[in-house]
Amino acid sequence: MKSVITEDELMGFIQENRREMYYFAMSMIANPTEAQDVVGEAITRAFEHRHQLRKKDSAKAWLMQIVANEAKKILRGRKRIVSLDAMALEQSSEEGESHEDVWHYIQALPSAFQSVTVLYYYDQLSVEEIAKILNISVGTVKSRLSRSRAKLAEMMERDGYSYE
């Protein structure tokens, strides 16, 4: 089967999205070393299965699905729930205090809300792409995003933040 993306195009796309891949992996497993392993394995799988990509427009969702699948393999092995703690520390050290504050609130969210929040706001994926990646319905994604926004607003307002 002919691929819709060349190896060079895929490599460029991966380079553009490597950071997002890493942070998404961290949102799922909260271990920097394992997140790097997940990204590395996802890159390998992407090259092995690039012929399965149907449309270039779907490349980011397809790539994030591979990252999610690789992270789930590790989670199945661990059988425990994780948070965004390590991701928050790494993100804040790179981008300053304001991100640390935001990550503090995100990690206080229930884990089901963390994933959709990271994918929607940081990876800028559509609701439909998130549903596919997490293997949940579009309605569930919308509901979790709505609840996440409400919880974040409540926590931030309680701590004196205001926003538009």
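This is a chat about a predicted model, covering its core, one buried residue, its salt bridges and a helix contact.

Visitor: Hi! Which residues touch the most other members of the largest nonpolar core?

Guide: Those are Met21, Phe24 and Ile133, in a core of 38 residues.

Visitor: And which elements give two or more residues to this core?

Guide: Helix 1 (7-29), helix 2 (32-48), helix 3 (59-78), helix 6 (111-122), helix 7 (127-134) and helix 8 (138-158) do.

Visitor: OK, and which of them gives the most?

Guide: That would be helix 1, with 11 residues in this core.

Visitor: Back to Phe24 for a second. What does Phe24 touch?

Guide: Leaving out residues up to four places away in sequence, Phe24 touches Met64, Val67, Ala68, Leu119, Asp123, Ile133 and Leu134.

Visitor: How many residues are in the second core, and which ones does that core include?

Guide: The second core is separate and has 9 residues, including Tyr105, Ile106, Met155 and Met156.

Visitor: Let's pick one residue. Where is Ala46, and is Ala46 buried or exposed?

Guide: You'll find Ala46 in helix 2. Ala46 has a relative accessible area of 0%, so it counts as buried.

Visitor: What does Ala46 touch, then?

Guide: Its contacts, not counting residues up to four places away in sequence, are Leu10, Ile14, Trp62, Leu63 and Ile66. Take Leu63 from that list: Leu63 is 17 residues from Ala46 along the chain, and their C-alpha atoms are separated by 6.9 Å.

Visitor: New topic, charges! How many salt bridges does the structure hold?

Guide: The structure holds 6 salt bridges. As background, side chains of opposite charge can pair when their charged atoms come close.

Visitor: Which residue does Arg50 meet in a salt bridge?

Guide: Arg50 meets Glu7, at 3.8 Å from N to O. Arg50 sits in the loop between helix 2 and helix 3 while Glu7 is in helix 1, so this pair ties together parts that are 43 residues apart in sequence. Glu7 is partly exposed, because its relative accessibility is 46%.

Visitor: What about Glu9, which residue does that one pair with?

Guide: Glu9 forms a salt bridge with Lys56, at 2.8 Å from N to O. Glu9 belongs to helix 1 and Lys56 to the loop between helix 2 and helix 3, so the pair ties together parts 47 residues apart in sequence. Glu9 is partly exposed at a relative accessible area of 34%, and Lys56 is partly exposed at 43%.

Visitor: Where do Glu48 and Arg45 lie?

Guide: Both lie in helix 2, 3 residues apart, which is about one turn of the helix. Their side chains meet in a salt bridge at 3.3 Å, N to O. Glu48 is partly exposed, with a relative accessible area of 44%, and Arg45 is partly exposed too, with 25%.

Visitor: Which residues are joined into one network?

Guide: Glu41, Arg45, Glu48, Glu70 and Lys73 are, through salt bridges that share partners.

Visitor: Last one. At roughly what angle do helix 7 and helix 8 cross?

Guide: Their axes cross at roughly 110° and come within 8 Å. That angle falls in the range from 65 to 115 degrees, so helix 7 is roughly perpendicular to helix 8.

Visitor: Which residues make the contact?

Guide: Helix 7 brings Val127, Glu128, Ile130 and Ala131, and helix 8 brings Val138, Val141, Lys142 and Leu145. By class, this contact has 6 nonpolar, no polar and 2 charged residues.

Technical notes:
Residues are numbered from 1 along each chain as its sequence is written. This is a predicted model: local features need pLDDT of at least 70, side-chain atom pairs count only at pLDDT 80 or more; totals for chains, interfaces and linings use all residues. Side-chain values use heavy atoms; hydrogens and water are left out. A nonpolar core is a set of buried Ala, Val, Leu, Ile, Met, Phe, Trp, Tyr and Cys residues joined through side-chain atoms within 4.5 Å. Buried means under 20% relative accessible area, exposed over 50%, partly exposed in between (1.4 Å probe, protein chains only). Helices (H or I, at least four residues) and strands (E, at least two) are DSSP runs, numbered from the N terminus. Contact means heavy atoms within 4.5 Å. A salt bridge is a side-chain nitrogen of Lys or Arg within 4 Å of a carboxyl oxygen of Asp or Glu. Axes are lines fitted to C-alpha atoms, for helices over the stretch in contact, and angles run from 0 to 180 degrees between N-to-C directions. Angles under 35 degrees count as roughly parallel, over 145 as roughly antiparallel, 65 to 115 as roughly perpendicular and the rest as oblique. Ala, Val, Leu, Ile, Met, Phe, Trp, Tyr, Cys and Pro count as nonpolar, Asp, Glu, Lys and Arg as charged, and the others, Gly among them, as polar.
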